[in-house]
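Colleague: Please take one chain of this model and go through it closely. I would like the fold, the packing, the surface and whatever can be said about a single loop position.

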Amino acid sequence: MDITLQTVMSQVMLGLNNGVFYAILSLGLAVIFGLLNIVNFAHGALYMLGAYVALLGFTSLGPLLGMPDFHLNYWAALIIAPLVVGALGVVIERTMLRRLYKFDHLYGLLLTFGLALIIQGVFTNFFNVSGDPYEAKPEILNGAVNLGFMMFPKYRLWVIAISLLVCFGTWYVIERTKLGSYLRAGTENPELVKAFGVNVPLMITLTYGYGVALAAFAGVLAAPIYSVSPVMGAEMIITVFAVVVIGGMGSIMGSIVTGLLLGIVEGLTKVVYAPASSTVIFLIMVVVLLVKPAGLFGRES
Amino acid sequence: MNKTIWIMLIIIGLLAPFVVYPVFMMKLLCFALFACAFNLLLGYTGLLSFGHAAFFGSASYITGHLVKNSGLTPELGILGGTLFAALLGYLVGSLAIRRQGIYFAMVTLALAQIVYFVALKAPFTGGEDGLQGIPRGKLFGLIDLGHVYTVGGNPLGLNLYYFVFALFCLGFWIIFRTINSPFGQVLKAIRENEPRAVSLGYKVERFKLTAFVISAALAGMAGAMKSLVFQLASLTDVSWHTSGEVVLMTLLGGVGTVLGPLVGAFTVVTLQSELSSVGSWITVIIGGIFVICVLLFRHGFVGELARLLKRSL
């Protein structure tokens, strides 16, 4: 294949499209890690769960309620899936994670790993591992737009736009608003914030809920692009872990930027040497560990 | 620990194939050694590796390749697999110890994923099918490991069993000696309080790396044994599921106890064979045990027993 500006630019766009998923997921991990000090291994499984809420809402919810004509449409799924998964997150935090804060942080990782196995296992039993298509993509997002250098699918453009909006919106709330300042203070010193009368346990619960809701949101966005399968989250989470190691979880903006950049790098690798594209993120991680062990945006504790 | 316990365990090990299906016993020994090797790292050095399947699986492939395609004898095949795992452990370890705690776990998981990709794509691994039909061969070119005796009407592959049992004992002994050496004491010091160990002048990095290499090598030996027992090296052996399973075995049996990983491996392997009829629900059950274990049972079977008896096991 000749390397023309056109092929490069189109891979950059497709890479950016993957990058926004890395960005949303690593952002969620970073938000959760900041306050709870745990790495949420269930993040991939909850991303998958978000996609399934959208899929099942479209195909099975109507018949289940005795209204065969009812289909949960895409826009509603985009709101409802994060709410459902966020609520599940609240339950998980209240009933399980809460008991572990006084122990080693590794137990949080192990617990969420167990939860990931349960969620993934249940869906593997009921659904096809090779995946089911999600066919509720709205009319208005069909077709392609001419970007000058390529015809780019409208839907992917929408995914990039809305994801960037959500990522930077989250960044704005955390870094620039009063609510965000409580959150950041809670990250630095929860005891002190408690002494000021802020309900820190509630804040922790809602933070976890918000983090996993972001994962579910990404899952719904992914549903029309990739087929919805029980293993979609497992493949994603390991890559996102590598992204998080590269970026460091200390910075919200850092995790967004790292996610986007690595998506683009992955896309560009497809142009240069396609077989390496599935491992390039892991290889970059190796280089970062050698050169700057704390991660690109990391603060060494 | 009490000498009589050891002698009893060895006698049980020697007599087991006459009572239990030998292949089951050998699977148990392989995973028990794997869990013991993992426990050296998590239990005695405080490092959670989430990528130990990389060593177990890659050694399994290397041994399979050496025995099947290069025609080496089984002991040389296992030696080759173990050395490869040690080398890989050195590479992965030197990178991973640059980060602490939770990052260490994520780094090992991600590096193990590279090994998984290689196993999927490399020319000699057989891709999705794995490396099948690995011959058991003749030990030292003399003793046929595939030989089947008939004892009381039952066919028993005793040569292979005792070979695997001997290797297990060797591996277990190495771990036991490591834990109870001055070196092991330093590892425990690092686990308890790393900054303090640094301030006492120990080169913590070097200790961690050495422990990592020993653990990787023995995990590799377990994988190498497994490839002879099942005559198969497959992608499952290098996947993150296997890495998770060994964490569960150690946790369930008791992190940081000598006998815990044995009990944990026994529990998980038994569960898997007893519940093979439920198909993929097994993943849900394993996940459930994980959750229960972390929430209610953090010391594991042996750990709880040790607390009850107020002595270390």
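Modeller: Helices (H or I, at least four residues) and strands (E, at least two) are DSSP runs, numbered from the N terminus. On that basis chain A contains 12 helices and two strands, and their order along the sequence is α-α-α-α-α-β-β-α-α-α-α-α-α-α. The model is predicted, with local features needing pLDDT of at least 70, side-chain atom pairs counting only at pLDDT 80 or more, and totals for chains, interfaces and linings using all residues. Residues are numbered from 1 along each chain as its sequence is written, chains are lettered from A and ligands numbered from 1 in the order written, and side-chain values use heavy atoms, without hydrogens or water.

The C-alpha trace of chain A spans about 60 × 60 × 35 Å along its principal axes. Its radius of gyration is 20 Å, which agrees with the value near 19 Å for a compact globule of 301 residues (taken over C-alpha atoms; the rule is 2.2 Å times the number of residues to the power 0.38). Of these 301 residues, 54% are buried (under 20% relative accessible area, with exposed over 50% and partly exposed in between; 1.4 Å probe, protein chains only). Among contacts (heavy atoms within 4.5 Å) with a separation of 6 or more in chain A, 78% join residues 24 or more positions apart.

The exposed surface of chain A comes to about 12800 Å², with 68% supplied by carbon and sulfur atoms (Shrake-Rupley, 1.4 Å probe; for residues, only the protein chains shown count as cover).

Next, the partner. The contact takes 44 residues from chain A and 34 residues from chain B. Together the two chains bury about 3700 Å², 82% of it on carbon and sulfur atoms (the accessible area, 1.4 Å probe, that two parts lose on being put together, summed over both). A:Leu110, A:Leu117 and A:Ile238 provide 16% of the area that chain A buries against chain B, more than any other three residues.

For the loop position I take A:Pro68, which sits between helix H3 (61–64) and helix H4 (74–95) of chain A. A:Pro68 counts as exposed because its relative accessibility is 56%. Leaving out residues up to four places away in sequence, A:Pro68 touches A:Gly62 and A:Pro63. A:His43 is 25 residues from A:Pro68 in sequence, and their C-alpha atoms are 32 Å apart.
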